[in-house]
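Hi everyone, thanks for making time for this. I'd like to walk you through one model today, so please have a look at it while I talk.

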Amino acid sequence: TPSRKAQMCEECKPIAGQPPLRPGDDARPKDVLNPWPEVRDRDTASTHVDRSWDHQTPSMPLPTLAQPSAVGGSAGPSCPVHSTYVPSRLETRWTQGIALFASQDPQWTAGCAAARADEDRIDEWLLFCNRRVAEPNALDVDQALLPDVLSHFKITPAAHGAPDCPTHTRYIPIEPLAVALRHPKFPCWVPKPRVVNGRKHTNLRPLLFSTDWLVFVPPSLMGPPRRSYFFDLGSTYFDQGVNGMADSLQGFLHKYRLLSGVEFDEIFAWEAKALSHTDYWRRVDLNMSHKMHFYNTPVSPVLTSSMSALRMIQTLAHPDDFVVFKLDIDDTPTEVEMILTILQTPSLISLIDEVFWEHHVKGSPVQWAGWGDLVNETGKHTTIQASYELFTRLREAGIRAHSWV
């Protein structure tokens, strides 16, 4: 019997070897004035991609946000569905064109030329996200945004659903995979520099760590969840990430509370760096400490390990639960191993609803904003092209995968 979760892909295999960066890839392509040479529509014969939106604009019944009482501990029946991931035209262009822009050029000149050509669509995308923050109880989507700008999941009810399950087809938006897989204006729109001691300083960190471009939706759109779990791999302190509260566990929980109506029942956090446990727990909100499980030790990618977060998900979660998996342990081989394990394990695909992952790769401008030069990295999952493909595969498997920490 299919579960409330999206129908999983029939076959999930490791990605074939990624093409190496081209010689002189830090030089701009010959045709910078036309940054989208020979970009074609995605193959409509794909078993996972429905391109019908390119030719018609169906009605989109998108309900308002669920009340928080619908999430986090309330029992709910299984609502079987079939899910199809539909990338927007904006995403399709970037997915097919990213090999042209993968570059060790710190200015990411070629990629920025393509991003500026898409500026109007990017602005529509950000405007939608800003409206969600201003009016969190509404989820109205301009019908033109889904096929052109925002990607989405087409959710069709399967047979034998319970009486209180949604009975209509839903079109649930998600941010497109585009540009450098961060805020779409990073690094191409440089903020106005500040003058300090007579010298100009440009700060890209607000864009780099912004979450204003991510699309959060209530999990109740898939059907009423039973319980909700957050797994945070690379947690640091509860109230402080690399960039303060913005990328902290506390910040994530606030976003879900505000934009998705979610109060998590249990939270599992790992941090490999030794921390003062007294200091850690002092910084946890009093109303969250009873929900927290903190492991000050490295997480393991091996399913049989006692410190495997994926094993805990398999042990604790039910397909009707809402499960978020955030991965940022700054160990790319281990992270990729866990992502591939998810893609190759049907039970994990059926259990995990959302993934947040920062994939450190060469060809990305984020190298020059904190990762460091990764040009000498080897392997088939070390390029920005590989990032696009892995995130696409996660989404095609029915998981809302976001490229962020």
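I'll begin with the overall picture, then go to a helix pair, the aromatic rings and a few backbone details.

One thing to keep in mind from the start: this is a predicted model. The protein chain has 11 helices and 11 strands. Of its 405 residues, 56% are buried. If you take the contacts between residues at least 6 apart in sequence, 78% of them join residues at least 24 apart.

Now to the helix pair. Please find helix H9, residues 332–343, and helix H11, residues 384–396. How do these two helices pack? Their axes are 10 Å apart, at an angle of about 30°. Angles under 35 degrees count as roughly parallel, so H9 is roughly parallel to H11. The crossing of H9 past H11 is left-handed. Which residues make the contact? On the H9 side you'll see Ile339, Leu340, Ile342 and Leu343, and on the H11 side Leu390, Arg393 and Leu394. Sorted by class, that contact has six nonpolar residues, one charged residue and no polar ones.

On to the rings, which I enjoyed looking through. There are 22 aromatic pairs in the structure, and I've picked two for you. A pair of aromatic rings is described by the distance of the centres and the angle of the planes.

My first pick is Phe231 with Phe268, a stacked pair with 4.9 Å centre to centre and 5° between the planes. Phe231 sits in strand S6, residues 228–233, and Phe268 in strand S7, residues 266–270, so this pair ties together parts that are 37 residues apart in sequence. Are these two buried or exposed? Buried means under 20% relative accessible area, so Phe231 at 0% counts as buried, and so does Phe268 at 4%.

My other pick is Phe252 with Phe356. Here the arrangement is edge-to-face, with 5.0 Å centre to centre and 75° between the planes. Phe252 belongs to helix H6, residues 249–260, and Phe356 to strand S10, residues 354–357, so the pair ties together parts that are 104 residues apart in sequence. Phe252 is buried at 4% relative accessibility, and Phe356 is buried at 0%.

Phe252 and Phe356 also belong to a cluster linked by ring pairs. The other members of that cluster are Phe216, Phe230, Tyr256, Phe264, Phe322 and Trp404.

Last, a few spots along the backbone. Most residues other than glycine have a negative phi, and most peptide bonds are trans. Where does this model depart from that? The peptide bond from Phe186 to Pro187 is cis, with omega near 0°. You'll find Pro187 in the loop between strand S3 (170–174) and strand S4 (194–196).

Then there is Trp108, which is not a glycine and yet has a positive phi of about 50°. Trp108 lies in the loop between helix H1 (89–101) and helix H2 (109–117), and with a relative accessible area of 0% this residue is buried. Asp330 also has a positive phi without being a glycine, at about 55°. Its place is the loop between strand S9 (322–327) and H9, the helix we met earlier packing with H11. Asp330 is exposed, with a relative accessible area of 55%, whereas Trp108 is buried.

That's my tour, and I'm happy to go back to any part of it.

Terms used: Residues numbered from 1 in each chain as written. Predicted model: local features only at pLDDT ≥ 70, side-chain atom pairs only at ≥ 80, totals over all residues. Heavy atoms only, no water. Axes fitted to C-alpha atoms, helices over the stretch in contact; angles between N-to-C directions. Helix = DSSP H or I, 4+ residues; strand = E, 2+ residues; numbered from the N terminus. Parallel < 35°, antiparallel > 145°, perpendicular 65-115°, else oblique. Left-handed = near helix turned anticlockwise from the far one by under 90°. Contact = heavy atoms within 4.5 Å. Nonpolar A, V, L, I, M, F, W, Y, C, P; charged D, E, K, R; others polar. Phe/Tyr/Trp six-rings, centres within 6.5 Å; stacked < 30°, edge-to-face > 60°. Buried < 20%, exposed > 50% of the residue type's maximum accessible area, 1.4 Å probe, protein only.
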